[in-house]
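Biologist: I am new to this structure and would like a close look at one packed part of it. Please describe that part plainly, and then go on to what else can be said about the chain.

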Amino acid sequence: MECQVCANLEISVEKPPGASPLSFIALLKVYRELLVSRIRNTQCLIDNLIKNDYFSTEDAEIVVQFPTQADKVRKILDLVQSKGEEVSEYFIRVLQKVTDAYYELQPWLDEIGYEPSENICSKPVVNTDPVSRYCQKLRYELGRDSKFVMSYAQREEMLLEEIYSNSIMELVSFTNESLGEVCQLEALFDDAVGLINEDGETIYVFGDAGIGKSILLQKIQSLWARKELDIGAKFFFRFRCRMFSCFKEDEAICLKDLLFKYNCYPDQDPAEVFHHILQFPHTVLFTFDGFDEIYSNFDLSSVPEMCSPNEPIHPLVLLVSLLRGKLLKGSKKILTARTGTEIQRNIIRKKVLLRGFSSNNLKEYTAVFFKDEGQRTLVLNQLEANPNLCSLCSVPLFCWIIFKCYEHFHSMSDSHELPDCSVTLTDVFLLMIEVHLNRSLKTSLLKNNARSQAEMFKSKKETLLALGKMAYKGMENSFFIFEQEEVSSANISEEDLQLGFLRTVKGYSGCDNQSTYEFLHLTLQSFFTALFLVIEEKVGAKELLQFFNECSSTETAQLTCLRIPWLKKQLAGEDPFRNNEHFHFTNLFLCGLLSRSKQKLFRHLVLPAVVKRKRKTLITYLGESMKSHLKGLTRSRFPNYNQIQVQPNFVWMLRCLYETQSEKVGKLAAKHMHANYIKLTYCNAYSADCSAISFVVHHFQKRLALDLDNNNINDYGVKQLLPCFSKLAVIRLSVNQVTDHGVRILYEELSKYQIVTFLGLYNNQITDVGAKYVAKLIEECSSLEYVKIGANKITSEGGKCLAQAIQKSKTMFEIGMWGNQVGDEGAKAFAEALRNHPRLTNVSLAFNGITTEGGKSIAEAMRHNNSVKIFWLTKNELDDEAAMSFAEMLKVNNKLVHLWLIQNQITAKGVKYLSEALKENTAIKEVCLNGNLISQEEAKAFENEDRIICF
């Protein structure tokens with residue numbers, strides 16, 4: 001009987017006309033079996049009945065004696081009904097108030113239309129439901145865990161609220177094209193923005209090492225714990241993916257243990273809590289941090305595609321099943337990984353690219369970090385004077401290191417300033433190591449008691465060597481977590497641990513009660529690995545270069561993580577969790593540590609002959625591999641240009657060359673390029689990489705083209721390109737977060753040399769202020785022929801300035817303004833520029849808010865233009881009246897070849913005007929009208945005119 005009732009979710013409670021409503025006692029009798037089958041938690045009912053003196057202690061003891069849950073519910077119902085109408089109503093009231101526990105009865109309560117009486121409303125109902133209590137416990141523990149950030153300094157914790165600062169988060173498509181910025185964290189979960197696959201369940205957040213992926217998840221965790229993240233998530237489970245490397249191949253756990261054992265265990269009735277999670281997966285939020293840091297020999301191809309939530313299986317299979325939606329389908333998931341870890345599209349719901357600090361973000365972070373206004377102003381002034389250092393600060397981790405070093409040395413000497421010369425990433429990490437080691441000194445009343453860097457490193461050589469040895473062993477196998485035994489075998493003492501390079505992490509599996517450790521950041525492990533390769537005298541050429549070989553062996557393959565059908569296919573024999581950025585960083589630091597400028601430091605740590613031998617080995621390898629790499633690049637020939645199309649690995653090569661600070665190596669790279677058009681699009685280059693680009697490019701003797709579209713260059717990167725501008729005839733910086741400040745730098749530099757022909761600034765952050773600088777450049781630089789400045793924030797004011805500059809220019813060939821907001825006022829200014837212009841050939845004013853008034857001005861001006869051949873006016877607000885003006889223009893203009901009026905407000909009437917005009921114009925090849933107010937039936941009337949394109 002119970003099973004039949006349980007199967008019937010829709011219970012009719014309709015009464016015959018005129019029938020009296022059932023009493024509460026009668027309701028409990030009529031729906032007895034439904035209540036028995038749906039009530040899973042009896043303790044909450046008993047607690048409340050006792051609290052309001054409806055049940056005695058003896059009543060509760062009688063209920064508890066029954067062996068099954070169903071029998072307990074039956075006894076409670078018997079006792080409640082025997083105590084009268086008020087107790088029966090209160091029983092129903094508890095079911096209504098404690099929705100977490102009695103969610104299956106909510107439709108029944110709605111159906112019977114229960115409304116509590118005034119007397120019952122005054123009776124308190126306390127939620128002692130294990131699900132609710134677990135949610136409270138989860139929020140408390142996650143709130144406590146996320147309150148502090150473990151700093152990259154000596155066991156120091158900082159309040160998250162005092163250190164977290166916003167950075168650029170960009171929603172992107174599968175091909176990494178921008179879909180807009182994330183301004184509020186709730187937008188990550190809002191399907192109205194950035195949704196690229198409605199069947200996917202995972203929000204994939206990616207970015208370079210140190211860009212802020214982990215601290216972003218910690219911020220989300222903190223907001224959820226404080227109930228300030230309104231996304232409908234009752235449960236929050238967070239995992240660091242490197243924990244999965246701790247599980248042995250034959251280890252198996254069930255989903256319940258994975259959730260509870262490695263997060264927070266319910267104090268009461270874990271089975272009921274887990275059942276609730278299975279019933280309502282949409283209330284669960286997962287975060288998986290560092291997917292690329294998983295290292296495992298476990299063969300995922302040997303397990304079934306489906307798995308049960310109750311059966312034990314390898315934890316990696318549970319992880320994969322959660323991401324695929326095979327377990328807890330409908331749950332929310334955020335997955336982070338380093339750039340280059342490409343996951344197949346079918347699991348991704350959104351892609352979010354972290355780009356680091358913008359100039360405003362950096363100012364905000366500086367204000368957070370330096371509370372003293374005088375000190376803050378000093379730091380900002382020094383950063384402004386050193387674009388190289390400023391570029392490094394666009395990466396939050398490197399910014400923190402630089403600021404922390406400044407803070408430390410400022411405390412030692414009030415006159416200390418940030419370095420004012422070229423600064424490499426190796427310099428920054430050496431500075432951080434020095435700060436850590438300095439802190440181990442006994443404090444003195446005198447400020448300037450610190451030793452020199454060389455003395456400090458010499459005194460701690462054994463410690464550095466021990467840490468380096470362990471880092472190296474881990475790096476060889478892509479291990480990032482170390483057990484106590486490994487720490488001890490590397491002769492790392494408790495005193496060494498106190499330096500703060502390592503931190504303890506929760507033991508996940510097979511570690512008993514012993515501590516496990518990790519380096520404070522993956523890049524720090526890479527640095528210590530490189531340091532070991534330099535100062536360990538026994539390291540030969542093969543070991544020295546082994547991580548270059550690790551990178552080059554897979555540079556032609558797409559970086560992947562898991563060898564399973566839903567991830568990108570992998571080469572046979574490849575590690576299923578492959579990402580080699582940690583090897584790249586090791587190589588980069590190796591180049592920096594073996595640079596000539598570091599020889600003075602290392603002569604105290606290793607024999608000069610050993611350093612010289614290793615440096616020679618490295619430089620020889622760099623020269624040969626560089627020639628080989630450049631020879632394999634895709635090349636194209638254009639008029640006046642030989643183009644090479646580089647890949648992201650090329651950027652890593654440039655970074656390594658820059659770390660060497662060897663002019664000889666830079667010249668060699670420039671020589672072997674055999675090209676004068678360098679295409680670096682979609683290479684994930686950020687502002688600091690412009691130092692490396694300049695390091696090579698400034699060695700070119702002739703003019704060249706540099707295409708940096710679709711990277712993360714920003715204003716700091718523009719400033720880093722200063723050594724190149726005397727050579728650049730083509731500069732493309734579209735989709736790069738460039739603001740008016742960056743445009744000002746471009747104007748000041750490019751106007752000096754008067755050689756630039758092409759300026760690409762599409763889809764940046766340029767306003768009317770920046771537009772005025774571009775206008776001045778057009779006016780002053782007679783070599784400039786092409787300007788692409790669409791998809792910015794330019795209004796009629798900026799549009800007028802650009803138009804007036806074009807009107808004065810005799811050389812402008814193409815202007816691209818798509819996606820600004822110049823409106824009719826801007827359109828009128830461009831109309832004047834077009835009138836009798838001697839050379840302008842391609843014009844785009846698409847998507848600029850131009851209405852009929854502006855359209856008529858343009859059409860009238862085009863009657864007097866003999867140079868424009870292509871005109872884009874797509875996605876404006878042009879109607880039939882504007883179409884009539886363009887039709888009249890076409891009767892006299894015999895130079896225009898392509899006219900695009902796509903997605904305007906033109907009807908069949910306007911099309912007829914244009915069609916009639918074409919009878920008097922044989923020059924124009926097409927008038928595109930797709931997306932206007934024309935039906936397919938109406939379009940048939942113009943089928944005989946091939947040049948009218950309606951669909």
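Modeller: Helix 16 and helix 17 cross in the right-handed sense. The model is a predicted one, and what follows describes that model. Helix 16 covers residues 359-369 and helix 17 covers residues 373-385. Their axes lie 9 Å apart, and the angle at which the two helices pack is about 145°. On the side of helix 16, the residues that meet the other helix are Leu362, Lys363, Thr366 and Ala367. Helix 17 contributes Arg376, Val379, Leu380 and Leu383. By type, five residues of this contact are nonpolar, one is polar and two are charged.

Next comes a sheet. Seven strands make up an open sheet with mixed pairing, and their order is 4-3-9-5-8-7-6. Strand 4 (178-181) and strand 6 (235-240) each have a single partner strand, so each has one side without a neighbour in the sheet, and these two strands form the edges. From one strand to the next, the twist averages 20°. Helix 12 (residues 213-225) packs on this sheet, and its direction makes about 160° with that of strand 8. The strands that helix 12 touches are strand 3 (168-172), strand 5, strand 6, strand 7 (284-289), strand 8 and strand 9 (348-356).

Strand 8 deserves its own description. The strand spans residues 332-338 and pairs with strand 5 (residues 202-207) in the parallel sense, over six bridges. One such bridge links Gly207 to Arg338 in strand 8. Strand 7 also runs parallel to strand 8, and four bridges join the two. Here Phe288 stands opposite Leu335 of strand 8. Seven of the seven residues in strand 8 are buried, and the strand is mostly covered. Lys332, Ile334, Thr336 and Arg338 point one way from the strand, while Lys333, Leu335 and Ala337 point the other way.

Strand 7 holds Thr287. Is Thr287 buried or exposed? Its relative accessible area is 3%, which is under the 20% limit, and Thr287 is therefore buried. Beyond its neighbours within four places in sequence, Thr287 is in contact with Leu217, Phe236, Phe237, Arg238, Phe239 and Ile334.

Phe237, one of those contacts of Thr287, also belongs to the largest nonpolar core, which has 266 residues. Phe237, Phe403, Ile858 and Phe871 touch the most other members of that core. With neighbours within four places in sequence left aside, the contacts of Phe237 include Tyr134, Leu138, Leu259, Phe260 and Asn263. Also among them are Ile277, Val284, Leu285, Phe286 and Thr287. Another core lies apart from the largest one; it has 36 residues, among them Tyr31, Leu35, Leu45 and Ile112. As a general matter, nonpolar side chains in soluble globular proteins tend to be buried together.

A further set of strands is found later in the sequence. Strand 12 (residues 516-519) runs antiparallel to strand 10 (residues 482-483), and two bridges join them. In one bridge, Phe482 has Tyr517 of strand 12 as its partner. Strand 11 (residues 502-505) is also antiparallel to strand 12, with four bridges between them. There, the partner of Arg503 is Glu518 in strand 12. Thr516 and Glu518 point one way from strand 12, Tyr517 and Phe519 point the other way, and all are buried.

For contrast with the buried residues, consider Lys616, which lies in helix 30 (residues 608-631). Its relative accessible area of 62% is over the 50% limit, so Lys616 is exposed. Lys616 and Leu594 are 22 residues apart in sequence, and the distance between them in space is 9.3 Å, C-alpha to C-alpha.

Some totals describe the chain as a whole. Its secondary structure comes to 42 helices and 25 strands. The chain has 951 residues, of which 58% count as buried. Taking the contacts between residues at least 6 apart in sequence, 79% join residues at least 24 apart.

Technical notes
Residues numbered from 1 in each chain as written. Predicted model: local features only at pLDDT ≥ 70, side-chain atom pairs only at ≥ 80, totals over all residues. Heavy atoms only, no water. Axes fitted to C-alpha atoms, helices over the stretch in contact; angles between N-to-C directions. Left-handed = near helix turned anticlockwise from the far one by under 90°. Contact = heavy atoms within 4.5 Å. Nonpolar A, V, L, I, M, F, W, Y, C, P; charged D, E, K, R; others polar. Core = buried A, V, L, I, M, F, W, Y, C linked by side-chain atoms within 4.5 Å. Buried < 20%, exposed > 50% of the residue type's maximum accessible area, 1.4 Å probe, protein only. Pairing = 2+ DSSP bridges.
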